[in-house]
Amino acid sequence: MAEQFDVVDVIRTKRDGGELSTDQINWVIDAYTRGVVGDEQMAALNMAIFIRDMGRREIVDWTNAMINSGERMNFTGLGKPTTDKHSTGGVGDKVTLPLGPLVSSYGVAVPQLSGRGLGHTGGTLDKLEAIPGWKADMSNDRMMEILKDSGAVVAAAGAGLAPADKKIYALRDITATVDCIPLIASSIMSKKIAEGTASLVLDVKVGSGAFMKDIDTARQLAQTMVDLGKDAGVDTRALLTDMSTPLGRKIGNGLEVEESVEVLAGGGPQDLIDITCELARNMLDMCGIPDADVEEALKDGRAMDSWRKMIRAQGGDPDAPLARAPHTHEVLADADGYLTELDALALGVGSWRLGAGRARKEDPVQLTAGIEVHADLGQKVTKGQKLLTLHTETPDRFERALESILPGIVIGDAPTAPRDIILDKIL
Ligand code: URA
């Protein structure tokens, strides 16, 4: 059968600043998924979109076409409200780990389909795999069973969910077309809408360690995603949160599990508690549970009980000790003063170079590699004081990691104002 369009015409339309029709978008996404449109042609179209942008109707059509390229999940049979969170990714961002159990302790289902880390930002699945026995893979039936029973699940997004996005994302990654608002928004939201959650809170990160380096572009991305969610019938909100410095005090897979457990035990660093609780309140509010005292649920052990259930349901042992890296290196303050900068990107790249992240998606990660931070931003420090401990299984990595980390540490003469973690909210 003849194809409905000529791909060269579609590319030319966008290249020259025109609008793509709904039919053109449906066709090009479908034809690319079928292999009729080639990688080089889709790469050219992505670059044209990157340069020329897309209007709201085009973004909605692009998102829907990617959803329609695969299966849609349906949780309406669960008999309880469903809610999910998506973060655009940052350094030390382990929020998913305490958040799912915290929210599910209120009788709500939290079906989280997560990914692996690429580059300097970590992935939830890599983190949870630091727990002995824990597995992300499961059938859809098993996922429903866990959601009915313990309420929270973290699973690998199956190949059937928005397959067009998987192909397009891999291509964007190697053609400098990732950081493009219409393409990011449609990529994230196609997966979240196909996942079938009734409500969604987006944690859009802003700062050096995030995709979006400034608040205006982050706000634009957040608004585009909130509009896409609402248009598709998913109650969607967004928080804009700071990612100029790492979240919490631990970066790296197993280290982030450790810190998440500290939060679930009623402790942990305040920035991580604040973001986790604000996201939880919004998720619960959208499920008809307003004003939940989520801080109390962290302190009184309810969230910890849900965590233990969630980890056991996926084969993990919540009591098993986590492995520690055999090699460590301490970074000391080189002057007296105030810790005025601890740059998220510098530490994220450092942790990645220590072995916590991967450069290509087939690379293994070191579950024990990463960075512990021993001082708070703005804190007075003295020369020789321990600021960081670096962890790795391969000590020849310290040198390259330090090349990234050291320029990210600034000790100044004057204290800095405390930073705001939650910068804005889009309803
Ligand atoms: N995460 C996604 O899933 N897609 C993007 O385009 C960027 C981040």
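Let's start with the second largest pocket, at about 400 Å³ in volume. Bear in mind that this is a predicted model.

Twenty residues, 20 by the count, line that second largest pocket. Five of them lie nearest its centre: Thr-245, Asp-271, Asp-376, Leu-377 and Arg-419. Two elements give two or more residues to this lining, helix H12 (270-286) and strand E8 (337-342). Helix H12 gives the most, with three residues. What classes of residue make up the lining of this pocket? There are nine nonpolar, six polar and five charged residues.

Now, where does the second largest pocket lie with respect to the domains? It lies between domain 2 (83-314) and domain 3 (327-412), because both of them give residues to its lining.

Next, the enclosed space. Rolling a probe the size of a water molecule over the atoms shows where empty space is left. Counting cavities of 30 Å³ or more, we get one. The largest cavity has a volume of about 130 Å³. Its lining takes in 18 residues. His-120, Thr-121, Gly-122, Ser-351 and Ala-356 are the ones that lie nearest the centre of the cavity.

Which helices supply at least two residues each to the lining of the largest cavity? Helix H11 (253-264) and helix H15 (344-356) do. Helix H15 gives the most, with four residues. By class, the cavity lining divides into four nonpolar, 11 polar and three charged residues. Look at the domains here too. Domain 2 (83-314) and domain 3 (327-412) each provide at least three residues of the cavity lining.

On to the ligand. Which residues are around it? Going along the chain, they are Tyr-169, Arg-172, Ile-184, Ser-187, Ile-188, Lys-191 and Phe-211. Sort that shell by class and you have four nonpolar, one polar and two charged residues.

Two helices stand behind this shell. Helix H8 (163-173) and helix H9 (181-195) each supply at least two of its residues. Helix H9 gives the most to the shell, with four.

Now the polar side chains, one at a time. Take Arg-172. One of its polar side-chain atoms lies 2.9 Å from an oxygen atom of the ligand. Then Ser-187. Here the partner is a nitrogen atom of the ligand, and the distance to an N or O atom in the Ser-187 side chain is 2.6 Å. Last, Lys-191. An N or O atom in the Lys-191 side chain is 2.5 Å from an oxygen atom of the ligand.

How much of the ligand does the protein cover? On its own, the ligand has 240 Å² of accessible area, and the protein covers 88% of that.

To recap, then. The second largest pocket lies between domain 2 and domain 3. The largest cavity also draws lining residues from domain 2 and domain 3. Around the ligand, helix H9 gives the most residues, and Arg-172, Ser-187 and Lys-191 bring side-chain atoms to the distances I just gave.

Technical notes
Residues numbered from 1 in each chain as written. Predicted model: local features only at pLDDT ≥ 70, side-chain atom pairs only at ≥ 80, totals over all residues. Heavy atoms only, no water. Near = heavy atom within 4 Å. Polar contact = N/O pair within 3.5 Å; in protein donor to acceptor, adjacent residues only side chain to side chain. Areas by Shrake-Rupley, 256 points an atom, 1.4 Å probe, with all protein chains shown as cover. Nonpolar A, V, L, I, M, F, W, Y, C, P; charged D, E, K, R; others polar. 1 Å grid on protein atoms, 1.4 Å probe; cavity = no way out; pocket = protein on both sides within 12 Å on 5 of 7 lines; lining within 4 Å. Points joined across faces, edges and corners; volume = space filled by probe spheres on them. Domains from an automatic or database assignment.
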